Amino acid sequence: MSDLHSALKNVNINPHCGKIDLYNHIERVKKHAKKWLEPLGKNGYEHSERLELYLNSLTKRLRNESGITADEIFILLYAVYLHDIGYNKDGQIESSGHQKRSQEYINREPSRYLFESFPPFNGIIPKIAEAVGIVCYGHSSEVPLDDIPDIFPDSCFMSKKLNLRKIVALLRIADEADDPYIRMKNSKSSKSIRKEIPLVEIQDNTIIWYWNQTNENDSLKFEELVQIKLKLLDTSIQYLRSIGAGEWFIVLSPQIFRVIPDMSKNVVCSFVGREGDLEKLHEKIQRCPSSCTGIIGIGGIGKTELAKAYAKKYKCYYPDGIYWVSLQDSSWKIEASKIFAAISPNVHLKTFVDDAEAITYISKFFEERKKSLLIIDDVKDEKELIKSGCFTLITSRNQMILGSDYENSIFRLSGLDYQGGIELLSLIIGNDRVSADIDCAIQIIEILGGLPLAIEIAAQHIREIPDLSFSEYIGQIQNKIEDLKIDGKEKKNVRASLEISIDQLVTLPEGNKLLELFEASSICPESGFTSNLLIQIVKFKSTTKIDTMRLVSKLYERCLVEFDQISNSYYLHPLLKQIAEQRLTKNNSRKTKYIKNYCTYFLEYCHAFNENPAYLIAEKDGVWRALLLTQQMKNGNVLCQKMIADLSTPYWDLIKDNNYLSALDYLSASNLEQIEKIGEISQFSNLLKPLIDNLPELPAPAQIYVLINQAIIHHKIGENESAILLFNKSLELCKKNENARLEMIIMSNLGICYAGLNKLTDAISYYQQAYEIIQELDWVNESGALLNNLGNAYADLGNKQKALEYYEMRLEVARQVGDFQGEANALNNLGLISMEIGELMQGYSYLYDSLEITKQIGDISGEGYIVANMGIAYAAMELEDKALIFFQKSYKIAKKTNDVIAQCKSLRLIGLTLAEKGDFKNALIYSQKSLVLAKRLKDTRLEASILHGLYFIHMKNGDEKLANKYYHDAEKIFSSLKLEHMVKNMDQSKKQLRKEISRNKSNI
């Protein structure tokens, strides 16, 4: 018997129908409750008994300080034994809605639950039954606590005014405290962890879960459960605190010491003059918790350094950790994995199907760590932002990145004032030299706009030339700025100080070597590189390794490269990288040599460490860059294959050991999962095959990831029926795991597959199902791609007007949410559909607007596709020369971005256009090149389109026999893919072409 129950001894109430002993009445309730709760198993009578014991401790302070009356204790204990009766629904156990059913059962049959001794109110049910029913209903955290009355009058009781809200808050805490004995959700299933938490104990203001440490990963799932509980109980704990019931916590014993990551970067030693900015930035961030603050400014202004300095100085304000994300050469899918690796370095790497899933997961993660600081560096697109729920700081050059709604959250960073600029100059050149000519020093700062990068480069240049006066340097830089104005170059002040510094390098004894090293650094990944890598790229014949390392240090001294002490690697400021790339492009033979040396270095590296996955993962950015660069090399495919083979060795070793989850982790950690982006689709499919064959060995999220990726591969190579089977299998798993976002993604992909089979009605059905999920959950940002797909499906059905409507809806959504990328895509599709319905000028106008936006947001790959479409517009206008220029430009962009599919399509268009111009020789050369790429990609549909183009070219050239061979090859592929509409189109174009050729012959 609990003290809580004992507190009711000798407590009687006198309703109209006679005296009731509250102690004895609860005794009767307990006896009957054994029958009421018998079918419920762990949620039955034992659970209620434990809750009474917990509440005995939870109410101790309230009872000692007269903070809870005997009447309220009576209702609380009554509800303890009735709150779960609703689990029994029509003889079956059902959790969903059980709290509401508990209330309904009491209201429907109050006498069954021993309320017959209490008088009914207004002839309905006793007020005491109504009160207990409200508490039973309110014990669920789904019910807002404010909806529960804090004053509930009943004349039966001595206190007459009962605080049901207090009773509900207490019951909620006790009920959630007992959760380990009942169930615990983890990544695999719901299961009891009674054996893992053998004891729950309530002490002074603390609920303690004693847990067994069975392995090093257990702490994560228990800590996750504690965080979930505290979040559920937040309003109840706050309310009890407000009425003097103390502050309640759930803790684990033994205590878990959480890893508090600090992913911030080291600040450069030349960071000066920003104390005022740091204080203002801190005020702005603290004023907007759970919101996003943006440091906005031009390149070279010091945004990243200010963010680094802020993280270091104000670290104590963020006890949940500091997290750094940079999306240059990366994605949320990769960066989210890095965050989880920082928290749990000994746990399997968290993998995600795509960026959308990673963003969803990482957003939930930060919602439970509200006192974290998340820094997202160099944001270029609003899609890179997330709603994190914690303190978020971004840096960006885009003035509109946060939109007008966040005007109060924008910190516009200006250049250094003259005091900060003088401090920076003095730090590098020396105080004596600056003080001797302070007026000219201030003038240099003004000319350079106070940009720290420009000032630092200028200071290093002046320091190198002791007899160079400040006034002479001013003359040099003003002349350089005038030259840059003529060239129309941006960032003139930074470029001017940089180019003067570079020009001066040539005058040094080893200046040419310094320049070579600077240009070679543009080949390296943006995440960083070692001096040893630069040495291997340039391969100076007469310079020792030590001397070359000294030269790299010289570049650092001149601020031409930067150094990160944590990673012990060099890297280039984005603007410096751009200039280094431009310089290297002017010397094609040197660039070719550097690319070859870079790829050879990483080929040898992968071979040397092909049995050491940690080394391969450590250099994954460098290896990935090498794989991309092999695409630019003559015979580079051989190197690419060798590198992939060595990179895959640890993966196959793990597969041999039946360690499938670790193998999957390695695919993600090593960047092997991205090889399909460089045309190695079959290689990626081979890697996934053993995981598909052993799917049950993986947890559900990993199974979904593998199935979706393999399905996407099947779709890309035209095997849509196989893709559909895999997508349906992943859909079943998603529904079991209640992952609505992935369910929507799979539905959308099923639509794409059915469209590939020309089953457009089925495709539209799946698109609509996915769109319904989006509308139900109000995911406006997710709707764009689906509206686009619906437009495409209706366009293929021949319903151009319906397609136009969906593309216009896509455009409206994109503009509504500020999605510039989506706006560009919508305009592009509106351009294409307008051309198809004969509105050529309107179509061209849409494409032009699309191209302008694409250039503004820096989407080079997207620019290539739109340029190709503009070429199609010119071809439709019979302006072949103009069309050819655009197709060639599209091909150059595709080469630059390593987009093999875009290269293939551009080559095909160039070939067809040359044929229209009568240049059949070159038309065949370009078309054959296109065919080679399509076969390498194993894109059979694209291959068939190229074969049909070759038919067209040979027919135009008068070689009907060879033309017919290509025609039948194309027809065979389209038929095997069940693309009957393509076969019909071929047949129609064949008849049209024969008429045209016949007409031309008669004219001759």
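The paragraphs below go through a predicted model, from the whole chain to two helix pairs, a set of salt bridges and two buried residues.

The protein chain has 1004 residues, of which 54% count as buried. Its secondary structure comprises 46 helices and 18 strands. Among the contacts in the chain with a separation of 6 or more, 63% are between residues 24 or more positions apart.

Two packed helices are described by the angle between their axes and by the distance between those axes. One pair in this chain is α38, residues 820–836, with α39, residues 840–856. Their axes lie 7 Å apart, at an angle of about 160 degrees. Angles over 145 degrees count as roughly antiparallel, and α38 is therefore roughly antiparallel to α39. The crossing of α38 past α39 is left-handed.

On the α38 side, the residues in this contact are Phe820, Glu823, Ala824, Leu827, Asn828, Leu830, Gly831, Ser834 and Met835. They meet Leu840, Gln842, Gly843, Tyr846, Leu847, Asp849, Ser850, Ile853 and Thr854 of α39. Sorted by class, the contact contains 9 nonpolar, 7 polar and 2 charged residues.

A second pair is formed by α14, residues 332–343, and α15, residues 355–367. Here the axes come within 8 Å and cross at roughly 35 degrees. The crossing of α14 past α15 is left-handed. From α14, the contact takes in Trp332, Lys333, Ala336, Ile339, Phe340 and Ile343. The residues of α15 that they meet are Asp355, Ala358, Ile359, Tyr361, Ile362, Phe365 and Phe366. By class, this contact has 11 nonpolar and 2 charged residues, and no polar ones.

Helix α14 also holds a salt bridge within its own length. Glu335 and Lys338 both lie in this helix, 3 residues apart, which is about one turn. Their side chains meet with an N to O distance of 3.1 Å. How does exposure differ between the two partners? Glu335 is buried because its relative accessible area is 3%, under the 20% limit. Lys338, in contrast, is partly exposed, with a relative accessible area of 34%.

The count of salt bridges comes to 23. One of them joins Arg28 to Glu116, with the closest N and O atoms 3.4 Å apart. This pair links distant parts of the chain, its members being 88 residues apart. Arg28 is in helix α2, residues 22–36, whereas Glu116 is in the loop between α6 (98–108) and α7 (127–138). Both ends of the bridge are partly exposed: the relative accessible area is 32% for Arg28 and 43% for Glu116.

Another salt bridge is made by the side chains of Arg550 and Glu510, at 3.1 Å from N to O. Arg550 belongs to helix α24, residues 545–557, and Glu510 to the loop between α21 (492–505) and α22 (511–520), so the bridge ties together parts that are 40 residues apart in sequence. Arg550 is partly exposed, at 43% relative accessible area. Glu510 is also partly exposed, at 26%. The two residues do not stand alone, for Glu510, Asp547 and Arg550 are linked in a network of salt bridges.

Two single residues can be followed in the same way. Ser531 is in helix α23, which covers residues 531–538. With a relative accessible area of 12%, Ser531 is buried. Leaving aside residues up to four places away in sequence, Ser531 touches Met549, Val552 and Tyr570.

The other residue, His714, is part of helix α32, residues 700–716. His714 is buried as well, with a relative accessible area of 16%. What does His714 touch, not counting residues up to four places away in sequence? Its contacts are Glu719, Asn720, Ser722, Ala723 and Leu726.

Notes. Residues numbered from 1 in each chain as written. Predicted model: local features only at pLDDT ≥ 70, side-chain atom pairs only at ≥ 80, totals over all residues. Heavy atoms only, no water. Axes fitted to C-alpha atoms, helices over the stretch in contact; angles between N-to-C directions. Helix = DSSP H or I, 4+ residues; strand = E, 2+ residues; numbered from the N terminus. Parallel < 35°, antiparallel > 145°, perpendicular 65-115°, else oblique. Left-handed = near helix turned anticlockwise from the far one by under 90°. Contact = heavy atoms within 4.5 Å. Nonpolar A, V, L, I, M, F, W, Y, C, P; charged D, E, K, R; others polar. Buried < 20%, exposed > 50% of the residue type's maximum accessible area, 1.4 Å probe, protein only. Salt bridge = Lys/Arg side-chain N within 4 Å of Asp/Glu carboxyl O.
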